[in-house]
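The exercises below are meant for a reader who is new to this structure. Please look over the sequence and the structure before turning to the worked solutions.

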Amino acid sequence: MNTDNILVKVDNLKKYFPVTRGIVFQRQIGAVRAVDGISFFIRAGETLGLVGESGCGKTTAGRTILGMYPSTAGAIHIAGHDINAAKGKEWLMIRRKAQMIFQDPFASLNPRWTINSIISEPLRVHKLLPTEASRVKRVKELMELVGLSPRLLNRFPHEFSGGQRQRIGVARALASDPAFIVCDEPISALDVSIQAQVVNLLEDLQDQLNLTYLFIAHDLSMVRHICDRVAVMYLGVIVELADHNELYERPLHPYTQALLSAVPIPDPEKDRARQRTILAGDVPSPLNPPSGCRFHPRCMFAQEHCSQVEPEWRQIFPDHWVACHEVK
Amino acid sequence: MAIDTVTAPGPTQASLDDLLAPPLTLRQLFWRRFRRHKMALFGSVLLVVLVLYATLGAFVFSESYANFTETGIRLQAPSAAHPFGTDTVGRDILARTIYGGQISLLIGITAALIETFIGVLVGALAGYYGGKLDNLLMRLTETMLSVPQLFLLIVMAKFFGGKVPDLALFGRTFSGSVIVIIGIIGLTSWMYVARIVRAEFLSLKENEFILAARAIGTPRWQIILYHILPNSIAPIVVGATLGVANAITTEAYISFLGLGVQPPTATWGNMLEGAYNYIETAPWLWIFPGILIVLTVLGINFLGDGLRDALDPRSRAA
Amino acid sequence: MVCGMPSILAAGLPDRDEESMMTNLLELKDLRTRFHTPEGTIYAVNGVSFHIADGETLAIVGESGCGKSVTMMSMLRLIPIPPGEILSGSAIFQGKDLLQLSDRELEHIRGQCISMVFQEPMTSLNPVLTVGRQLTESLQVHLEMDKLQARGRAIELLDLVGIADPNNRLGDYPHQFSGGMRQRVMIAIALACNPNLLIADEPTTALDVTIQAQIVELVIRLRQQQGMAVIWVTHDLGVVAGLADRVVVMYSGYIVEEGDVFDIYNRPEHPYTQALLAALPRSDRRRENTRLKSIPGAPPNLLVEPSGCPFAPRCPLAAQDCRDANPVLSPVAPGHRIACWRGGDR
């Protein structure tokens, strides 16, 4: 396994949100275990996909990795910097090098700021360019880079369509010249025809600027297309991690298998011919995860010890890791 | 690399951008909505007239004339020489309403500014930081709210009244009691604004663009001042506007109780106080200042309604 | 008023080329709907016609703003009349035009013969009434059952849609169900009176993919059991492939292509349909090209009165006649029609 050139390293990351009760004095009575021990690395220039359904903790993981939430346990290293320990200048340096693109093109831009102000904010906060004129020039360059006409500099977000607003978000993320970008469901809110535009843009930028992406999504077809490696999350833990083709062609974990079989294929003959594993029940709550292997209540292969012992994270094939007792 | 094309000979991106709806800035949107609100326009006009009355009237009558007592002509009904009549010590009521208006409006506006400033400060800090600070500030707010305002006003008026010296400004002397009144109204009315601002901050800080600002590394004070505050302008403006009306009415009844601004400085409120014993016998003593108070408060309320509708980004009626 | 029982009860799916021999359950002709807003007139639906036969599943596909939901709502007269306006059109259902019926007659049909399931089950279900109450209400009003009968039928329905322990769940409130469960409840309410036609407007868009698979499997099972026709409105071309018999593709308030599901996916003829399919990434194939074929430009501006083909600004084949006149739906193969001047001649 090639471990050189690692840009992002996450070790046993946990993020719990306390649940409190009490009117005047609040006591903690439990915790939502949104992320409960995940580990992976991302090489420079690579795209790692993080997939899972609602409540699996992928968005929380992305935000915690970036430092937006303080982690409850575990280590995060981006370009050698320890996210948990960074303060002051180092913290600002990380904020320059690691950025985020958001899901909602309507809520991720300040409605009262012009596009110019929005995109140049990183330049001002980090004092990267001294004069207003130089900043405007850079903003125009960035707008062209993402495919927006620079003449629209002084307009407001509400004057743009969803796809264009996502491009503005991308331009803003690129302003401080980052190395690593967390893409948190960047295309889920867009129409199909615009999704392809934005995905192509992200890929072109990755080539041009040697960017590294953590691509968080629930659309499994798009993830296969854009990601090099894919990690599948369920209830706060990663259950499988592999190269993208390997994962889709040889899924080992029962949840991955069920997930893939649930993805509709836009081909009527193929879709109707295939065997589907329909999972029973709903995704349980991260407040009270099942004991042992979290997936055991819905798993068709579950055995006695699956409910007692949490499965180990093992490498079954080269670069293909699974957490499941039943996989040999 | 601009947008990718699928061998399309169609229009360029530049011209597609022009196909966007013609840009309406937020300000234009605001004016369009405001103009449609008939009551708001009426209210604005009314207020303009009243302000002109109080300011331009000062060129017609001098302050000394307004304070000029002549007991020989006391309690005269409206006449040609004194269109609003004279009061208990023979002062011209018309002139007094003009100068009284100046003081009442001054008190209203200044008190509203103070209470808005304090309210925004408290609400913003409580809403943004949450946790213990929020707890502390909110308990303070609730304590202030649970004490009856009238009681607070009376106690503070008694305590501070007479302790503040007169202020000489712009060639005029302002009775110390004016400062006191402005202060105590401001200090006892900020809670309403604070609660509204806190609610706005609590909801706005969950927005993704705030998370984006944090991800960029924007310092917290900049986030509060430049990101969240501009987006919560609407309830603050409305709150401040209605605060003016509230301050004017509060001054009126504080003065009516004799604890407000002390004569000879006139305010609409203390003119009402002077009319207490003559309600039926000399109605012109209270009718004129009373009508002026009502018109002012009405105008402000209409204006406030219009502002609320025009500034509310959720309202689709444009 | 009683609607006829679905005639395809156990006969399986209808014969594909024999649609002309079937009496159509619903025929929509030339629907035009507009909305009058302060910003201008929104030309939401600009002449849409389609039909659906008994027991058939028709998918209406398109991106946001194409008018698919507005078409369904207009058909059932659920759009607010100012600012909305239905300029023209007829929706013949069992010999009656839905757009001309009196309110009372329409109420009989809605819920009893035609029912609708929406995208957001949390807002379509009343949060302060128990699920049982909402189910039995429909039964009592439309089928005139008494309380006991209705309750019994409600338990049957919850069981039919796969909700465990239906007896006790009747007394639960919507917030006590998960998203997928709520959607099942919505389906139960929709099926309560055995409708001939079920209209589902983006019913699984807000659900996770494994839950979506459950709901789709449920609908497939139910339509075989109950024999009802289904109109499934969505933007998801994957779901449609597994579910539909026929597909209608909409763009900017027009139908641009219509045909059998196999024809649409294997032999799409309209440039928009082709582009839409080419823009889809596949979970079952290795990535051959380096890029997804995207459609250039932006979705159409509905405030502009339509003239010419709505797809012309983004179409690789657009020529002057495309900008001058709007093409009419014409057949390219039996049962397969497109609205394109360039169609067929390549």
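**Exercise 1: Confidence in chain C**

Task: establish how far chain C of this predicted model can be read in detail.

Solution. Begin with the chain as a whole: the mean pLDDT of chain C is 86, and 92% of its residues reach 70 or more. Next, turn to the separate elements, where confidence is lowest in helix α3 (residues 121-124) of chain C, with a mean of 77, and highest in strand β3 (residues 57-61) of chain C, with 96. Then consider residues 7-21 of chain C, over which the pLDDT is below 50, although this stretch has 17 contacts in the model beyond near neighbours in sequence. Where pLDDT is low, predicted coordinates should not be read in detail. As a last step, take the values for the complex, for which the predictor gives an ipTM of 0.87 and a pTM of 0.84.

**Exercise 2: The two sides of chain A**

Task: describe the side of chain A that touches chain B and the side that touches chain C.

Solution. Start with chain B: 27 residues of chain A are in contact with 24 residues of chain B. On the chain A side, α2 (88-97), β6 (98-101), α3 (115-125) and α6 (192-209) each supply at least two residues, and by class this side has twelve nonpolar, eight polar and seven charged residues.

Now take chain C, where 37 residues of chain A are in contact with 40 residues of chain C. The elements of chain A that give two or more residues here are α6, α7 (220-226), α8 (244-249), α9 (254-262) and α10 (268-273), and the largest share, six residues, comes from α6(A). Sorted by class, this side of chain A divides into 18 nonpolar, ten polar and nine charged residues.

**Exercise 3: The sheet of chain C**

Task: which strands of chain C lie at the edges of the open sheet?

Solution. First write down the order, which is β2-β1-β4-β5 in chain C, an open sheet of four strands with antiparallel pairing. The edge strands are therefore β2 (40-53) and β5 (96-97) of chain C, since each of them pairs on one side only. To check one pairing, note that two bridges join strand β4 (residues 84-93) of chain C to β5(C), and that these strands run antiparallel. In β5(C), the bridge partner of C:Ile92 is C:Asp97.

**Exercise 4: Chain B**

Task: summarise the make-up of chain B.

Solution. Count the elements to find 13 helices and two strands. Then consider burial: of the 318 residues in chain B, 39% are buried.

Conventions
Residues numbered from 1 in each chain as written. Chains lettered and ligands numbered in written order. Predicted model: local features only at pLDDT ≥ 70, side-chain atom pairs only at ≥ 80, totals over all residues. pLDDT = per-residue confidence, 0-100. Contact = placed C-beta atoms within 7 Å. Nonpolar A, V, L, I, M, F, W, Y, C, P; charged D, E, K, R; others polar. Buried ≥ 20, exposed ≤ 12 C-beta atoms within 10 Å, placed from the backbone.
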